[in-house]
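I am opening a notebook page on this entry and shall write down what I look up, one topic at a time.

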There are 2 protein chains.
Amino acid sequence: MKETTICPRLSKAMELLGKRWTTLILYQLLDGSQRFNEIESALPVSGRLLSERLKELEKEGLVERKVFTDVPVRVEYSLTDKGRALEGAIREVEKWSQTWIN
Amino acid sequence: MKETTICPRLSKAMELLGKRWTTLILYQLLDGSQRFNEIESALPVSGRLLSERLKELEKEGLVERKVFTDVPVRVEYSLTDKGRALEGAIREVEKWSQTWIN
DNA sequence: TACACTTACTTACGAAAAGTAACTAATATT
DNA sequence: AATATTAGTTACTTTTCGTAAGTAAGTGTA
């Protein structure tokens, strides 16, 4: 990779948030804890990618995964403090989109 | 594409902003008008992708392109009002990254 | 007992996007 | 004539994405 002048923290943040679907998944979870299928229904993302993204977000500590051993199994995803701390940024994008898109 | 419950404006916004490099390019331009090579040097993005992204951003009205017929040619990119309106959102992400990354 | 049904994934595979490096046009300098 | 500069473009390989089908663990139904 090239040498750059950009802040490594912002760079790393964008590496995560700049991936397709990541921000919309977080946006969806701002409404509260949700099951896999709920998120999948709310967004035009496939199970394959949703699974992949949720794993990344869990690994980076933005999302928490809870398994309930009901039948069939129930899995709930929610934001951690680190994830919820992005609410301000996400709301700003939401506001921008209402003003400038379409 | 699937049916979703998410707001189409936010969805469209994220289709643009969620692409790799887009937000970092805008962040870079918050510093003011910059030439192609300046942006390329500041970010770990290749000329091929930078060119593609700048075209998209110009088409969507977030970035303006000005050609100066110096020798060799000079091209300057700057934010439009629509692009600059994203400053709040970008600064929020920047703040978040300073607090939570690393 | 056998078979369908549910959720939360995983796998396989072709298509699209991204990374890398070499190349180009226009012109000015050496 | 050869070299250098900027702002790209082209060709090619690798990575990521999208779609559809398959899986595991139980539970309900015939």
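**Backbone of B:Val75 and DNA strand D**

I began at B:Val75, where a polar backbone atom lies 2.9 Å from a phosphate oxygen of DNA strand D; a polar contact here is a pair of N or O atoms within 3.5 Å, and within protein one must be able to donate a hydrogen and the other to accept it, while residues adjacent in sequence count only if both atoms are side-chain atoms. Before going on I noted that this is a predicted model, in which local features need pLDDT of at least 70, side-chain atom pairs count only at pLDDT 80 or more, and totals for chains, interfaces and linings use all residues. I also noted that residues are numbered from 1 along each chain as its sequence is written, that chains are lettered from A and ligands numbered from 1 in the order in which they are written, and that side-chain values use heavy atoms, with hydrogens and water left out.

**More on B:Val75**

I placed B:Val75 in strand S3 (residues 74-79) of chain B; helices (H or I, at least four residues) and strands (E, at least two) are DSSP runs, numbered from the N terminus. Is B:Val75 buried or exposed? B:Val75 counts as buried because its relative accessibility is 15%, the term meaning under 20% relative accessible area, with exposed over 50% and partly exposed in between (1.4 Å probe, protein chains only). Leaving aside neighbours within four places in sequence, I found B:Val75 in contact (heavy atoms within 4.5 Å) with B:Gln34, B:Arg35, B:Phe36, B:Arg65, B:Lys66 and B:Val67.

**The rest of the surface near DNA strand D**

I then listed what surrounds DNA strand D and found 21 residues, the closest being A:Arg48, A:Arg53, A:Val71, B:Arg65 and B:Tyr77; a residue is near a strand if one of its heavy atoms lies within 4 Å of it. Of the strand D atoms within 4 Å of the protein, 72% belong to sugar or phosphate and the rest to bases. On chain B, I noted a side-chain N or O atom of B:Lys55 at 3.2 Å from a phosphate oxygen of this strand, and a polar backbone atom of B:Val73 at 3.0 Å from a sugar or linking oxygen. By class, this surface has 8 nonpolar, 4 polar and 9 charged residues, where Ala, Val, Leu, Ile, Met, Phe, Trp, Tyr, Cys and Pro count as nonpolar, Asp, Glu, Lys and Arg as charged, and the others, Gly among them, as polar.

**DNA strand C**

Which residues are closest to DNA strand C? I found A:Arg65, A:Tyr77, B:Arg48, B:Arg53 and B:Val71 to be the closest of the 21 that surround DNA strand C, and sugar and phosphate account for 77% of the strand atoms within 4 Å of the protein. Base nitrogens of DNA strand C lie 3.3 Å from a side-chain N or O atom of A:Arg48 and 2.9 Å from one of B:Arg48.

**Inside the protein, and two rings**

I looked up B:Leu43 in the loop between H3 and H4 of chain B, and it counts as buried because its relative accessibility is 0%. Last, I noted that the charged end of A:Arg74 sits over the ring of A:Phe68, 4.1 Å from its centre, and that B:Arg74 lies over the face of B:Phe68, also at 4.1 Å from the ring centre; the test asks for NZ of Lys or CZ of Arg within 6 Å of the ring centre and within 35 degrees of the ring normal.
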